[in-house]
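Please open the model in your viewer and keep the selection tool at hand. We will go stop by stop, and at each one I will say what to select and what is there.

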Amino acid sequence: MIKNIVNDLGSRTVKLCNDFGRFGVFAIDVFAVMFSTKLKMKKVLEQIIYIGIKSLSIVILVGCAVGAVLATQSYIGLERFSGTQFIGPIVFISMVREFGPIFAAIMVIGRAGSAITAEIGTMRITEQIDALQTLCINTHQYLVVPRVVAGTIILPLLSLFCSVFGIIAGYIVSVYLLGINGEVYQETIRTHTELFDIVNGLIKAVVFGLLFSLISTYKGYITRGGAKGVGIATTQSVVFANVTIVVTDWILGSLMLK
Amino acid sequence: MITITNLKKSFGDRIITNGLDLSVEDGEFLAIIGRSGEGKSVLLKQIIGLIEPDSGSVTIDGKDITQLHGELRQEVFRKCGYVFQFAALLDSLTVFENVGISMLEDGVEPEAVRPIAAQKLIDVGLAYDVLDKYPDELSGGMKKRVGLARTLMLKPKILIYDEPTTGLDPITVRLIHELIKQTHVATQGTTIVISHDVEVFKFATHVAMLYEGKIIYKGLTKDIWESDNPYVYQFIRGLADGPIKQLGIVKEG
């Protein structure tokens, strides 16, 4: 019984290490291609539109909801010790440092990351990727690099949109529903926040963009096992990307604590 | 010339090629026959570099591709064209983009690629107006022709077909066989075809039979019907009884 558990644990650990190793090799290959070949700008733009522009509405909607909730919950806490004038900076700092990047990433993973894995996975199982290889086309340059570059560029912008609309929603809720003075909301933001708060959030968003796009493309690229395999790869891609983003958020947040 | 020596490949416990040896001369038209699930496609994919062998060598024009990497390896594969069993067209691209993809990816302007792609389509017996269609608007036979046109864009010296007539009606099968023969004559290169269909013997110069991971027979097509090899005898006549074991089938009684 114990021997079986140890065996199982051992084989799972070896598999996990193998998976990490393969992902590492894939990422190194992608970077090598990215910096050694000409970037296909048309494909990058197509992906920016697909990953970014088409995710904008959902990111703004979520940003507004998060900002509104943040303002309401902050009000409940701050009112207990007469600190409601600090709702503005709390909403601002939370949105730009934390919720903007992370909610933009989660939304993009759900909408575009899953689609990227499913698309590349389907290409893999229908031999389309093999066909590209036989035509001497670099499949990383053709399929992976444009998506990784687009994801890394667009996520900081989506994060900014998420944050800005969150702060605006927080303002509307604070001023029109909770009775906070609008001038105070803005003034406390000006006096209690810094440029580094925004830079902090943007750095996180760049890393999230890079990670989610690498994971999504990798899971698609290694897909096996027909339609069921595509389904499994897509689910794994979304789960791994979300978990990775949340863990990375905590690590980066700790490193950039100020 | 292609020379395969002691090629071994397994997937888990399943042995696919088991010390396989084969040589294909320049200009040869070789048909490879064998049971379904025998590993013919895996053999071809090892030749074209899509699957790495566990051991052994695959030499194309004197260069062992198992020892080559990067650009040197690509240089060898540029001589090879592979036509997939189900065409493997990129379904998000039009026929034009599929056929012209190798040139378009090299940065050639679409306006310059279009007439070349159109000519390749005409060469494989398709009309110009399919250029702007998507693969899902084409029949199985048309897809295979587009797949061939796409491969021919690279002007390969070695053309490899993976079961090119699977799933097609008898008339289309005949037309595809004719097309393969015409292409072989026009390119004056080497052609390797996997087929279950003995019709291909009308065009092939040589036939090789794959059985249990090895080439158990290779000879001139004209001699195959007189072959005394019991495996070849049974296979080409489609006999139920004989030395060939049916994969995954348990005989009753």
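The tour below starts with the whole complex and then moves through each chain.

**Before you select anything**

This is a predicted model: local features need pLDDT of at least 70, side-chain atom pairs count only at pLDDT 80 or more, and totals for chains, interfaces and linings use all residues. Residues are numbered from 1 along each chain as its sequence is written, while chains are lettered from A and ligands numbered from 1 in the order in which they are written.

The predictor gives the complex an ipTM of 0.89 and a pTM of 0.88. Try colouring chain B by pLDDT, the predictor's confidence in each residue, from 0 to 100. Chain B has an average of 90, and 97% of its residues score at least 70. Among the elements of chain B, helix H3 (residues 95-99) has the highest mean pLDDT, 96, and H2(B) the lowest, 86.

A word on labels: helices (H or I, at least four residues) and strands (E, at least two) are DSSP runs, numbered from the N terminus.

**Stop 1: chain A**

Select chain A and show it as a cartoon. You will find 9 helices and 0 strands. Its C-alpha trace spans about 65 × 55 × 30 Å along the principal axes.

Now colour residues 1-36 and 40-255 separately: these are domain 1 and domain 2 of chain A, with bounds that come from an automatic or database domain assignment. The C-alpha centres of the two domains lie 26 Å apart. Where they touch, 7 residues of domain 1 are in contact with 9 residues of domain 2; two residues are in contact if their C-beta atoms, placed from the backbone, lie within 7 Å. The domain 1 side of this contact has 6 nonpolar, no polar and 1 charged residues. In these classes, Ala, Val, Leu, Ile, Met, Phe, Trp, Tyr, Cys and Pro count as nonpolar, Asp, Glu, Lys and Arg as charged, and the others, Gly among them, as polar.

**Stop 2: where the chains meet**

Bring chain B back into view. How many residues of chain B are in contact with chain A? There are 13, and they meet 11 residues of chain A. Select helix H2 (70-77) and helix H4 (101-105) of chain B, the elements that give two or more residues to this side. H4(B) gives the most, with 3 residues. By class, the chain B side has 9 nonpolar, 2 polar and 2 charged residues.

**Stop 3: the four-stranded sheet of chain B**

Next, hide chain A and look for an open, antiparallel sheet of 4 strands in the order S2-S1-S4-S5. Strands count as paired if DSSP finds at least two bridges between them. At the edges are S2 (14-24) and S5, each pairing on one side only.

Walk across the sheet:

- S1(B) and S2(B) pair over 8 bridges, and the bridge partner of Leu7(B) in S2(B) is Leu20(B).
- S1 (residues 2-11) and S4 (residues 55-60) of chain B pair over 5 bridges, with Ile2(B) opposite Ile60(B).
- S4(B) is joined to S5 (residues 63-64) of chain B by 2 bridges, and Ile60(B) stands opposite Lys63(B).

Zoom in on the S4(B)-S5(B) hairpin, which has 2 residues between its strands; Asp61(B) in the turn has a positive phi of about 50 degrees.

**Stop 4: the six-stranded sheet of chain B**

Move on to another open sheet, whose 6 strands run in the order S6-S7-S8-S3-S9-S10 with mixed pairing. Its edge strands are S6 (80-83) and S10 (214-220) of chain B. Within it, select S3 (residues 29-33) and S8 (residues 190-194) of chain B, a parallel pair with 4 bridges. Ile32(B) has Ile194(B) in S8(B) as its bridge partner.

**Stop 5: two helices side by side**

Finish with H6 (residues 140-152) and H7 (residues 170-187) of chain B. How do they pack? Their angle is about 10 degrees and their axes are 11 Å apart; axes are lines fitted to C-alpha atoms, for helices over the stretch in contact, and angles run from 0 to 180 degrees between N-to-C directions. H6(B) and H7(B) are therefore roughly parallel, the word used for angles under 35 degrees.

Show side chains for Gly141(B), Lys144(B), Arg145(B) and Leu148(B) in H6(B), which meet Thr172(B), Ile176(B), Leu179(B) and Thr183(B) in H7(B). By class, this contact has 3 nonpolar, 3 polar and 2 charged residues.

How values were computed:
Parallel < 35°, antiparallel > 145°, perpendicular 65-115°, else oblique.
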